[in-house]
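Notebook open, model loaded. I'm jotting down what I look up as I go.

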Amino acid sequence: MSLPLPVDPELGPWLALLPALDVGDAAAARAAVEAMGAASPPFVVPEGVESSEHRVPGAPGAPEVPVAVFRPVGAGTALPAVLYVHGGGFILEEGDGDRALAARWAADLGAVVVSVRYRLAPEHPYPAAIDDCYAALEWLAGNTAGLGVDPARIAVAGISAGGGLAAALALLARDRGGPTLCFQLLDIPELDDRLETPSMREFTDTPVWNRPNAVHSWRAYLGADRAPDAPVAAYAAPARAEDLTGLPPAYVAVSDLDPLRDEGLDYAQRLVQAGVPTELHLFPGTFHGAAGFVPDTAVTRRMTEGALGALRRGLAV
């Protein structure tokens with residue numbers, strides 16, 4: 001399709017200012033993200049939050065995994081915890097932007113938030129990213145006493161590709177018998193490598209994310225040398241999971257003008273049908289990542305507050 005899109009009126013004036021990312025050129029896309037970060041105010045840990053950096057054991061034969069831990073100062077023990085997984089189409093990371101969101105959640109929720117810096121595609125295709133995320137989850141669950149975390153209140157949360165990885169973590173934790181999760185937050189999740197939904201076919205030139213980027217993203221994550229008919233594991237593309245029973249309660253948010261919209265809707269519906277308590281929100285007139293790029297509008301504030309409120313309920317804050 002071509003612009004103009006039926007964008008929320010408050011978001012419309014920002015369209016011309018959004019980055020034109022092409023993740024088919026990973027180096028150029030990373031440089032563009034770094035330039036945006038350099039032009040933004042430097043990240044400052046919010047007052048009342050302390051942060052620490054760790055390198056935790058990776059999967060067997062894999063390198064250590066860097067994580068950042070954000071914790072309310074003097075909050076005591078038995079706190080809820082969130083493993084946060086950043087977005088970026090499996091190819092990019094936002095650096096300070098990722099840390100800023102994790103730190104805000106720690107402040108607003110009174111929770112320990114662990115942000116994982118997983119290995120990126122195409123240099124490190126599947127299963128590198130999910131292996132790193134699962135290693136970080138195991139470290140969090142195995143160090144609850146030292147971190148002051150309530151082991152019964154651990155959630156996973158992710159945005160975009162991070163939402164897909166969070167969904168895969170919930171599947172892995174179920175199938176491997178732990179760690180126990182109380183909640184999963186899947187925000188504009190990237191879940192389905194088949195690229196066959198109506199929204200994926202329709203949105204070929206939408207802002208920030210579009211079908212060509214999705215094609216490049218999955219090719220990088222699954223491996224450029226992968227045979228077209230090779231099977232794809234549900235831990236790579238959770239939409240392929242046949243059984244969604246026994247998963248933790250979920251919050252799924254999708255954007256109206258996003259090629260990922262329908263795979264998120266489909267996954268939420270299948271969670272409901274599998275008996276998983278699920279809250280679903282579709283935000284009209286929004287594009288992929290709108291809440292991050294244009295945070296101060298009525299609809300993007302609803303998006304941000306919706307995710308935060310869901311975490312409060314899911315963690316029993």
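**Cis bonds**

I started with P179, which I find in the loop between α5 and β6. For the element names I go by DSSP runs numbered from the N terminus, with helices being H or I of at least four residues and strands being E of at least two. G178 and P179 are joined by a cis peptide bond, with omega about 0°. Another cis peptide bond joins Y126 and P127, and there omega is about 15°. P127 lies in the loop between β4 (112-116) and α3.

Note to self on ground rules: this is a predicted model, local features need pLDDT of at least 70, side-chain atom pairs count only at pLDDT 80 or more, and totals for chains, interfaces and linings use all residues. Residues are numbered from 1 along each chain as its sequence is written, and side-chain values use heavy atoms, with hydrogens and water left out.

**α3 against α5**

How do the axes of α3 and α5 cross? Helix α3 covers residues 128-142 and helix α5 residues 161-175; their axes come within 10 Å and cross at roughly 65°. The axes are lines fitted to C-alpha atoms, for helices over the stretch in contact, and the angles run from 0 to 180 degrees between N-to-C directions. I logged the crossing of α3 past α5 as right-handed, meaning that the near helix is turned clockwise from the far one by less than a right angle, whereas anticlockwise would be left-handed.

I then listed who touches whom, with contact meaning heavy atoms within 4.5 Å. From α3 the contact has A129, I130, C133, Y134 and L137, and from α5 it has L165, A168, L169, L172 and A173. Sorted by class, that contact has 10 nonpolar residues, no polar ones and no charged ones. The classes put Ala, Val, Leu, Ile, Met, Phe, Trp, Tyr, Cys and Pro as nonpolar, Asp, Glu, Lys and Arg as charged, and the others, Gly among them, as polar.

**Cysteines**

C133 turned up in that contact, which got me looking for disulfides (a pair of cysteine sulfur atoms within 2.5 Å). I found zero in the structure. Why does C133 have no bond to C182? The sulfur of C182 is the closest cysteine sulfur to that of C133, but it is 18 Å away, so it is too far for a bond. C133 is buried at a relative accessible area of 0%, and C182 is buried at 17%. My cut-offs: buried is under 20% relative accessible area, exposed is over 50%, and partly exposed is in between, with a 1.4 Å probe and protein chains only.

**Salt bridges**

How many salt bridges does a search of the whole structure find? It finds 12, each being a side-chain nitrogen of Lys or Arg within 4 Å of a carboxyl oxygen of Asp or Glu. I looked at several of them.

- R240 and D193 meet in a salt bridge at 2.7 Å, N to O. They sit 47 residues apart and link distant parts of the chain, with R240 in the loop between α7 (211-222) and β7 (250-257) and D193 in the loop between β6 (183-187) and α6 (198-202). R240 is partly exposed at 30%, whereas D193 is buried at 11%.
- R174 pairs with D175, and the closest N and O atoms are 2.7 Å apart. R174 is partly exposed at 25% relative accessibility, and D175 is partly exposed at 41%.
- R261 and D262 meet at 2.8 Å, N to O. Both R261 and D262 are buried. D256 joins R261 and D262 in a network of salt bridges.

**Positive phi**

I also checked for positive phi outside glycine. F90 has a phi near 70°, and I placed F90 in the loop between β3 (79-85) and α2 (96-109). Is F90 buried or exposed? F90 is buried, with a relative accessible area of 2%. I188 has a positive phi of about 40°, lies in the loop between β6 and α6, and is buried at 6%.

**L120**

Last stop: L120, in the loop between β4 and α3. L120 counts as buried at 13% relative accessibility. Leaving aside neighbours within four places in sequence, L120 is in contact with R30, H86, F90, I91, L92 and E93, so F90 comes up again here. I also noted that the C-alpha atoms of L120 and R211 are separated by 20 Å, the two residues being 91 apart along the chain.
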